[in-house]
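Visitor: I should like to take a close look at a single part of this structure, the metal site. Please describe its coordination and its setting in the chain.

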Amino acid sequence: MECSLRQIASILKNAGSIVVTAHIHPDGDSLGSMLGLNQYLLSCGKSVQMVIDDDVPRRYEFLPGSKNIVQPQDITITPDLLVVLDASDIERIGAVNRISRVPILNIDHHISNTKFADYWYVNSNAAATGEIILDLLNMENVAINSEIATCLYTAIATDCGFFRYANTTAHTHGCAAQLIKCGVRPHVISEHMETKPLESLTRTLEVLKTLELFFDGKIAAVSIEHSNADSADSTEGLINYPRNIEGVEIAIMFTFADQNTARVSFRSRSVDVSALALTFGGGGHIRAAGCTVIGSKDEVKTKVIKAAAQLIGGKL
Ligand code: AMP
Ligand code: MN
Ligand code: MN
């Protein structure tokens, strides 16, 4: 059932025991939204557990409460509600999907959302799920402490490229202004995001060597081998290099996790790459999307680049 934000608030209030989760390969928005909502629910006296079927990347460990996020096998509560944040389909939450059948409430901002939940609030005009969580907390007149503010600011800032991407609106800036008044120090958050170990720079150099251009330079791709949580830490953001090349319409980053699986990220200047990702069972936003594709390295690259070329009318 599609819900208003007010209905979402009342469903949360009526639950006693809640598991909150977000998508695998967690990013600033999924983690920050989850941590911010968790603090609010705890303050309402709920029994809450935060779960992600993945490791929390090192660069997000500074977020207050991140140490309390557990993996699915460590859930100790019996929830009467599962809240799914920043995820557009049920596969995005991995094994959390397998916890005992409880109603699912989904809060999200992906245009590709499959409306898989029992209750959903999807606002694709929001730059981040964190923006929606802040709207919810404001509607409930919650006093936002500096910890909640840090989590929600990180959620919002990371999803809109620190207020540079096309999803940045006046409302996004309004949220940021409010959160700064609540105690956020933007430069501290940027420092956490930008400071990386030396190996990360070495890895960047390796990845940039894989750069390939196709279709008169309209498509640019980079490839990464054997990604794990640590290397994911150092490869986030690398897709911006091909994305920023003059004349590139679609940038693609292939991450070959094993012999037969690739995670694929898309960025575009204007065309709808969420539709492209959806054709491979993924999703996302108009200008930033992703999917997982099964096949050998060459097979994956060939079919993904072919599909991207069709989107921009490239000749095969
Ligand atoms: P990324 O390239 O991983 O930064 O993801 C870009 C956008 O696409 C984010 O909003 C993700 O939530 C979304 N996305 C990435 N991979 C998938 C997937 N396998 N299924 C659905 N959405 C995805
Ligand atoms: Mn996300
Ligand atoms: Mn998001």
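Guide: **The two-metal site**

The manganese ion (ligand 2) has as its protein donors His23 (NE2), Asp27 (OD), Asp27 (OD) and Asp86 (OD), at 2.1 to 2.8 Å. Donors here are N, O and S atoms within 2.8 Å of the metal (3.2 Å for Na, K and Ca), and water is not among the atoms, so sites may look incomplete. The model is a predicted one, in which local features need pLDDT of at least 70 and side-chain atom pairs count only at pLDDT 80 or more, whereas totals for chains, interfaces and linings use all residues. Residues are numbered from 1 along each chain as its sequence is written, chains are lettered from A and ligands numbered from 1 in the order in which they are written, and side-chain values use heavy atoms, with hydrogens and water left out.

Along the sequence, the donor residues of the manganese ion (ligand 2) show the spacing H-x3-D-x58-D. His23 is located in the loop between strand S1 (17-22) and helix H2 (28-43), and Asp86 in the loop between S3 and S4, so this pair ties together parts 63 residues apart in sequence. Helices (H or I, at least four residues) and strands (E, at least two) are DSSP runs, numbered from the N terminus. Both His23 and Asp86 are buried, where buried means under 20% relative accessible area, exposed over 50% and partly exposed in between (1.4 Å probe, protein chains only).

Asp86 also coordinates the manganese ion (ligand 3), and the two ions are 3.6 Å apart. For the manganese ion (ligand 3), the protein donors are Asp29 (OD), Asp86 (OD), His109 (NE2) and Asp159 (OD), lying 2.1 to 2.2 Å from the ion. Their spacing along the chain is D-x56-D-x22-H-x49-D. Within this set, Asp86 and His109 link distant parts of the chain, 23 residues apart: Asp86 is in the loop between strand S3 (81-85) and strand S4 (104-108), and His109 is in the loop between S4 and strand S5 (119-122). Asp86 counts as buried because its relative accessibility is 1%; His109, also at 1%, counts as buried too.

As for the nonpolar interior, the largest nonpolar core has 54 residues, and Leu12 and Leu37 have the most contacts inside it. Such a core is a set of buried Ala, Val, Leu, Ile, Met, Phe, Trp, Tyr and Cys residues joined through side-chain atoms within 4.5 Å. Helix H4 (residues 146-159) supplies the largest share of this core, seven residues.
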